[in-house]
Amino acid sequence: MSDLNRIDLNLLRVFDLLMLEGSVSRVAQKLHLSQSTISHALSRLRRQFNDDLFIPVYGGMAPTEQAKLISPLVRQAMLLLEQSINSTPIFEPAQSKAKFRLAGGDYVELVLLPVLMEQIAQLAPDIKIEIEGLKATDYSRELESGAIDLVIGFEALGRLAKSLKTASIITEQLVVIAPNPIDSTQGVITVDSMRSLKFIYPSNWGHSQALMDEWCQQHGVERHIAIKTSGFVAVPVLMEKLGLVTALPSAIARYYEQQFGFIYYPIASSELTYRHLLAWHPLRDKDPSLLWLRQQIIKAAETIESHDAALPRRS
């Protein structure tokens, strides 16, 4: 063979079939090509291998000694190629010790992670999950490089790169939660009642707070921010001691209600309903391990939404 770089895989396919069929016409039928096209391919093969390869005989074509010599290697190469094209990578969660890195806010840690890890503990006890806080980035580079495997963020802000693959996983509503009943409301926070409240601003929940800020700006409301915190740990204590309120996603508000006996109030606006997005890079769209994890996150989100729907709503 004079030059491997000049070999066309289609020619090897023709060679392989000629060895099996022994007939130009039958090879042409199998490949849905004309006999002249197969004859032309055979001519190219002869020049490439500097050998006749197949000699016309009664009833068909017979391989030369050179053709017989290279035939097993060509057959093996074609089989390997077919296997590589048709094979699907397998991920076995029960045996896996993979570590996945997710970017998400405190919402993910407080609401989604407990449900997710309960599922994973049963299916894949050795898999590890790491969570890091959301940053001011579109996450294109982080996901492409593999520094982050998945991102869970808010759809409404539009901060994730448009090139990323996404799936909506949880529909949420911002509510106001208070340690004591708010006398000035009729069970719903209006624009007017919003002005009279003193808020804690948990900045680690900056994405949900940004949605609240945008809504207030659109409605000409200047929120009275009494305290800004770096996270959620001190929020319940500050609310209880100082009688302050805060705006949180409804799932977290219901968690506070169950744990601390607080009271949550819906806000009289459908504009504060938003969805959480699960995002990943297109390069890993068919990664079997990441596909499995996405399925687990979606299942956990459905569990949260079903539990949330079963809870009584305030009117």
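Contact here means heavy atoms within 4.5 Å, and with that in mind the tour of this predicted model can begin in its core.

**Stop one: the nonpolar core.** Select Leu-293 and show its surroundings: leaving aside residues up to four places away in sequence, Leu-293 touches Phe-100, Leu-102, Ile-120, Ile-129 and Leu-150. Now add Ile-297, since Leu-293 and Ile-297 are the residues that touch the most other members of the largest nonpolar core, which has 42 residues. To see where this core comes from, colour the elements that give two or more residues to it, among them strand 3 (99-103), helix 5 (106-123), strand 5 (150-154), strand 6 (165-178) and helix 11 (288-310). Helix 5 provides the largest share of the core, with nine residues.

**Stop two: aromatic rings.** Next, display the aromatic side chains, where a search of the whole structure finds seven aromatic pairs. Select Phe-15 and Phe-49, whose ring centres are 6.4 Å apart and whose planes meet at 25°, so the pair is stacked, the cut-off for stacking being under 30 degrees. This pair links distant parts of the chain, with Phe-15 in helix 1 (residues 9-21) and Phe-49 in helix 3, 34 residues apart. Phe-15 has a relative accessibility of 1% and counts as buried, and Phe-49 is buried too, with a relative accessible area of 10%. Then move to Tyr-255, Tyr-256, Phe-260 and Phe-262, which ring pairs link into a cluster.

**Stop three: charges over rings.** Select Phe-199 together with Arg-223, and you will find Arg-223 lying over the face of Phe-199, at 4.8 Å from the ring centre. Continue to Tyr-201, where Lys-228 lies over the face of the ring, at 4.7 Å from its centre.

**Stop four: two positive phi angles.** Finally, select His-32, in the loop between helix 2 (24-31) and helix 3 (35-49); its phi is near 55°, a positive value in a residue other than glycine. Then follow the chain to Leu-53, which lies in the loop between helix 3 and strand 1 (54-57) and has a phi near 65°, again a positive value in a residue other than glycine.

Which of these two loop residues is buried and which is exposed? His-32 has a relative accessible area of 72% and is therefore exposed, the cut-off being over 50%, whereas Leu-53, at 0% relative accessibility, counts as buried because that value is under 20%.

Definitions and conventions
Residues are numbered from 1 along each chain as its sequence is written. This is a predicted model: local features need pLDDT of at least 70, side-chain atom pairs count only at pLDDT 80 or more; totals for chains, interfaces and linings use all residues. Side-chain values use heavy atoms; hydrogens and water are left out. Helices (H or I, at least four residues) and strands (E, at least two) are DSSP runs, numbered from the N terminus. Buried means under 20% relative accessible area, exposed over 50%, partly exposed in between (1.4 Å probe, protein chains only). Rings of Phe, Tyr and Trp (its six-membered ring) pair if their centres lie within 6.5 Å; planes under 30 degrees apart count as stacked, over 60 as edge-to-face and the rest as tilted. A charge sits over a ring if NZ of Lys or CZ of Arg is within 6 Å of the ring centre and within 35 degrees of the ring normal. A nonpolar core is a set of buried Ala, Val, Leu, Ile, Met, Phe, Trp, Tyr and Cys residues joined through side-chain atoms within 4.5 Å.
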